[in-house]
Amino acid sequence: MNVWYNILLYAVWFISTYYVVVLALIMFFGKDSLYEHKKFKSRDNKYVSIIVPAFNEEKKIKHTILSLKKISYEKLEFIIVNDGSSDGTPRIIKESIAGDKRFRFIDNPKNMGKAASLNEGIYVAKGEFIATMDADSVVERKIFQKVLPYFSDENTAAVTVSVLVKKPKGLLQKMFEIEYIIGLSLFLKVFSMINSVFVTPGPFSIYRKSVLAELKGFDEDSITEDTEIAYRIQKNHYKIANCLEAKVYTIIPPTFKKLCIQRKRWYSGAIFTLRKHKDMLLNSKYGMFGFFVFFNYMLIFFGLALFLSSIYLSFSRLATELWHYQYTNFNILQRIFDLKFDLLTTSRASVLGILSLLFTLTILFIGLRMTRSKMMKMKIGIIEYPLLFFFYQIFWLISAVAIIRGKQIKWR
Amino acid sequence: MEMKKSIFIIAFLITISLLCILLIAGNVLNDDRKTYVEDQMQAISDINDVQTYSLMNDIYGNKMACLAFKQKLKDWDKSLWDLGMKLEQYRVATEEFSKDPFYIQQKTKFNENELLYMLFLTKINKECNLDQDVVTFFYKKSEVCSKCDDQSFVLTDIKKDLEENVSIFSFDTDLNITNVQLLVEYYDVSEFPCVIINEKKFCGIEDKNFILKEICETNNNSLNCKN
C-alpha cells in the first residue's frame, strides 16, 4: 500500500480527464466551425513574404523550393536565409532559385540561430503578412487563399495551420503522425476557440507584419521562438487563429535519438518561455490563456511525478521479487508462467487505467474522424498511440534533467 | 467563436460523474470479491465434516475415519490454500488508502479455521500414520519483520512444487488470535519469521533447499523424499 501514490494516481486521473473533457466539449460545441472554409475575397489579396531559414538542409531544400514555386498565389515573395550552413545548402539554394525574381537570398556566413534568421528576413520583407516556414516542410498550393481570410479580423495577429507528417515511415513516425494530427492540428483549432493557442508552429505559420514589428520580431535568445512569439502575441491581447483546412507537411526525426534531441529543445524551450512569461499564469488579464497554460503544465508536472513514482515502485517491486528468488534457487523461469489473470484481483486503480485507455481511444477516434483522417491507413499508429504518453514522460524527464543540470540546449 | 464558461462547469460535472462511475464499478468489484471470499470461507468453515470424522472415529474406530479422512484431505488442503491466496490477492486489490476491515475480519476467521484444520490434521496424522508433512509458519507484518515476506515467498514456492503433499499453515501473529498466541507460547517463538517443520522449530529466514531437506529429515516416510 502506498497512500501517496494512490492519491497522485487519482489526482492525475482527475486533472487529465477534466482537461480532455473540456477539449472534447469545446470540440463538440464548435464542430460546425472546425472547418470554416472562409471565402477568399479581394480585400484578402495582400502581399505575402515567405521566410525560410535553412541550416545544413542540402538534402531537403531543393524539394522545399520546388514546393514554394508551386504555390498558387501571385502577390508573393520568398526570402531564403542561409544560416551559416557548412554543407552545400547555399549552392543548392542559388541553383534552385536562379532566374525566379520572386526569390531573395540572404547568405549568412555565420550561424546565428533560427530566430535571428527570421528577424533578418522580416527586416527586408515587403509583405503585409509574413509566413515563416521550415526548410524541411512542404505546403499545399492554395494555402494563402485559405489562411488570408482569417486576417479579416483586425485583431488576429497570426494564423496557424494543420501540421501533418510527410510520408511517415516506420513504427516511430507512424505513432507521432497521430500526435501531429491531434496535437498540432485539431487541438490547435480547439485552443484557438478559447483564445489559448500557445504555439505558432515552425513548419508554417503566418503573421501580420505590423504586429511582428510592434513585438520587435522573434526572441533571438529563445530556442523555441515559435512558442515564445505566441506568448507575446497573447500577452499583447492579439488573437491567434487556426485554419484547419490548410495543411503543411513536415518531417519527423527518423530515429529515437534525434527525436529526443528535438523534443528536448521543444520542452526545455517551453519551460524557459513559461518562466519568462510567468506573470501570465492564472492572470485573468489574459483571458483563458493564463489559466489554460497553468492547467496544462500542472498536468505535465503531476503526470511526470506519477510516471517517476510508477517507475520507482515497479523497480522496487521487481528488486523485491528478485531478492525473494535468491531463496528459491532463482527458479524465475519456472514461476513466470504461473501468472494468471483473475477479475477478482483487478484493483480499482486497474479499472481506472482501463477506463482512461478507453477514454483516450474514444477521443482519438472522434478526433481522427473530425479531422477527416483515413484511419485504415493509420492503424499501426492508432495501435501504438497509448505508448505516446510513455514517450512524453521520457522526453519531459530528459528536458527537466537538462534544465536542472543547467545544460545548454542546442538546436541540433 | 467565444466559448461559454459553462463548458468548464459541464466538464467538471462530467468528470465527477466519471469518477463516481469508477468508484461504483470499484465497489461492485469489491462486493463480488467479498462475496467470493465469504462463500469460500463458509465452505471451509463448515465444521460438520470434522464432527463427522470425529464421530466415525468414536463409533467405527480409526480405520474407518482414516480412510474417509485420506480421501477428504486433498480437498481441504487445496481449498484452504486457495482461500489463503485469494485473501492475499483481495488485500492487494483493495488496499488503497487504508486497511480494509473486511480483510482483517476474514483473515482472522481464516487463521482460526487454519488452526482448527492444523490441529485436526496433526491428530489424524498420529492416529492414522498418514505421514503428511506439516509446516507451520508464524509471521508478523513486513514493517517490523522484513524477512517474513521472504519466508512467505519461499513457502509459497514450495507449496507450488509439492502441492497437496505438504500442508502449510501460516499464522499472522499481529492479529492477536488467542489460540494462535497459545501456539506461539507452546513453540516458544520469540523471533520472526519462524517455521515449524514436522514439529521441529526453525526461526529466522530459511531457504527452499533447507526446508525441503528438513522435511525429509524430520519425516522419514515423507512422500516428498522418495527420490
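**Contacts and helices in a predicted two-chain model**

In this predicted model, 28 residues of chain A and 31 residues of chain B take part in the contact, two residues being in contact if their C-beta atoms, placed from the backbone, lie within 7 Å. Local features need pLDDT of at least 70 and side-chain atom pairs count only at pLDDT 80 or more, while totals for chains, interfaces and linings use all residues. Residues are numbered from 1 along each chain as its sequence is written, and chains are lettered from A in the order in which they are written.

User: Which element gives the largest share of the side of chain A that touches chain B?

Analyst: Helices here are DSSP runs (H or I, at least four residues), numbered from the N terminus. The elements giving two or more residues to this side are α1 and α12 of chain A. The largest share, 10 residues, comes from α1(A).

User: How far apart are the end C-alpha atoms of helix α1 of chain A?

Analyst: The expected span is 1.5 Å times one less than the number of residues. Helix α1 (residues 3–29) has 27 residues and should therefore span 39 Å. The model agrees, for its end C-alpha atoms are apart by 39 Å.

User: Which helix of chain B helps to cover the buried residues of α1(A)?

Analyst: A residue is buried if 20 or more other C-beta atoms, placed from the backbone, lie within 10 Å of its own. The buried residues of α1(A) include A:Trp13 and A:Tyr18. Their cover includes α6, α10 and α12 of chain A, together with, from chain B, α1 (6–45).

How values were computed. Buried ≥ 20, exposed ≤ 12 C-beta atoms within 10 Å, placed from the backbone.
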